[in-house]
Amino acid sequence: MAIRDIHILGSPVLRHRAEEIETVDDEVRALVEDLFDTMAAASGVGLAANQIGVARRVAVINAEGQTFAMINPRIVEADGRDSTEEGCLSIPDAFAEVARPQRIVLEALNEDGEPIRMDATALVARAVQHELDHLDGVLFIDHLSPLKRQLLVSRWKKDHRNEPLTRTPRLEEPEETA
Ligand code: NI
């Protein structure tokens, strides 16, 4: 169990498509523990393995009182539409409105290797989708129009130039980032 450094925009692992987990073993459970510890240290609502430098399909959520790990997660149903401001622990200080389905049904394995199926709405649904994107190498900025994305990224790069590609989580992160 450990708090791990979080990879920041520009770190290549954030753009890798994470690999499926073949067997939920102790190594995977240790990764889940590290994700929970790091998410808590950063006050995040979700965290994907890519964000701690591990391109494997594992992520954790802590939103609206629901705390769970998801291994090899898949969204099997999605409906509705909801646009809300979103942020990411890997793109500190950047926020933008992102439209996503309002309700989803998630299938995954838990840390015991057992299948879970969950109906999620609102912030939980949003956090799950945001983390699944991470496992595919996708960031929330990729959902913006090209112009908005370009503005956000150029401003962000200006504010964060010469910063390292990883950073230690801080408890003072804005809430509800993932
Ligand atoms: Ni994120």
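**Exercise 1.** Which strand is included in what covers the buried residues of H3? Work from the helix outwards.

*Solution.* The model is a predicted one.
Step 1. Take helix H3, residues 146-159. With 14 residues at 1.5 Å a residue, H3 should span 20 Å, and its end C-alpha atoms are 20 Å apart, which agrees.
Step 2. List the buried residues of H3: Leu 152, Val 153 and Trp 156. Viewed down the helix axis, the buried residues of H3 fall within an arc of 95°, so they line one face of the helix.
Step 3. Relate this to helix geometry. An α-helix has 3.6 residues a turn, so residues three or four places apart point the same way.
Step 4. Look at the face of H3 turned away from the buried side. Pro 146, Leu 147, Gln 150, Arg 155 and Lys 158 are the exposed residues carried there.
Step 5. Name the cover. Strand S6 (95-100) is included in what covers the buried residues of H3.

**Exercise 2.** Find the strand order of the five-stranded open sheet, and explain why one side of S2 and of S8 is left without a neighbour.

*Solution.*
Step 1. Write down the order: S2-S3-S4-S7-S8, with antiparallel pairing.
Step 2. Go to the ends of that order. Strand S2 (46-48) and strand S8 (115-121) are at the edges, and each has a single partner strand, so one side of each lacks a neighbour in the sheet.
Step 3. Add the turn between strands. On average, neighbouring strands of this sheet are turned by 40° against each other, direction ignored.

**Exercise 3.** Follow the pairings from S2 to S7. How many bridges join S2 to S3, and how many join S3 to S4?

*Solution.*
Step 1. S2 and S3 run antiparallel and are joined by three bridges. Leu 47 has Val 60 in S3 as its bridge partner.
Step 2. S3 and S4 also run antiparallel, joined by six bridges. Here the bridge partner of Ile 61 is Phe 68 in S4.
Step 3. Check the connection between S3 and S4. These two strands form a hairpin with two residues between them, and Glu 64 in the turn has a positive phi of about 50°.
Step 4. Continue to S7. Strand S4 (residues 66-79) pairs with strand S7 (residues 103-109) over six bridges in the antiparallel sense. Ile 75 is opposite Leu 106 in S7.

**Exercise 4.** Which strands of the sheet does helix H1 touch, and which does helix H2 touch?

*Solution.*
Step 1. Helix H1 (residues 26-41) packs on the sheet and touches S2, strand S3 (58-63) and S4. The direction of H1 makes about 35° with that of S3.
Step 2. Helix H2 (residues 122-135) packs on the sheet too, touching S2, S3, S4, S7 and S8. The direction of H2 makes about 95° with that of S4.
Step 3. Consider the burial of S3, a strand touched by H1 and by H2. Five of the six residues of S3 are buried, and the strand is mostly covered.

**Exercise 5.** Ser 43 has a positive phi, and Asn 72 has one as well. Where does each residue lie, and is each buried, exposed or partly exposed?

*Solution.*
Step 1. Ser 43 is not a glycine, yet its phi is about 55°. Its place is in the loop between H1 and S2.
Step 2. The relative accessible area of Ser 43 is 26%, so this residue is partly exposed.
Step 3. Asn 72 is not a glycine either, and its phi is about 50°. Asn 72 lies in strand S4.
Step 4. The relative accessible area of Asn 72 is 15%, so this residue is buried. The cut-off for buried is under 20%.

Conventions: Residues are numbered from 1 along each chain as its sequence is written. This is a predicted model: local features need pLDDT of at least 70, side-chain atom pairs count only at pLDDT 80 or more; totals for chains, interfaces and linings use all residues. Side-chain values use heavy atoms; hydrogens and water are left out. Two strands pair if DSSP finds at least two bridges between them. Helices (H or I, at least four residues) and strands (E, at least two) are DSSP runs, numbered from the N terminus. Axes are lines fitted to C-alpha atoms, for helices over the stretch in contact, and angles run from 0 to 180 degrees between N-to-C directions. Contact means heavy atoms within 4.5 Å. Buried means under 20% relative accessible area, exposed over 50%, partly exposed in between (1.4 Å probe, protein chains only). The expected span of a helix is 1.5 Å times one less than its number of residues. The arc is that of the directions from the helix axis to the C-beta atoms.
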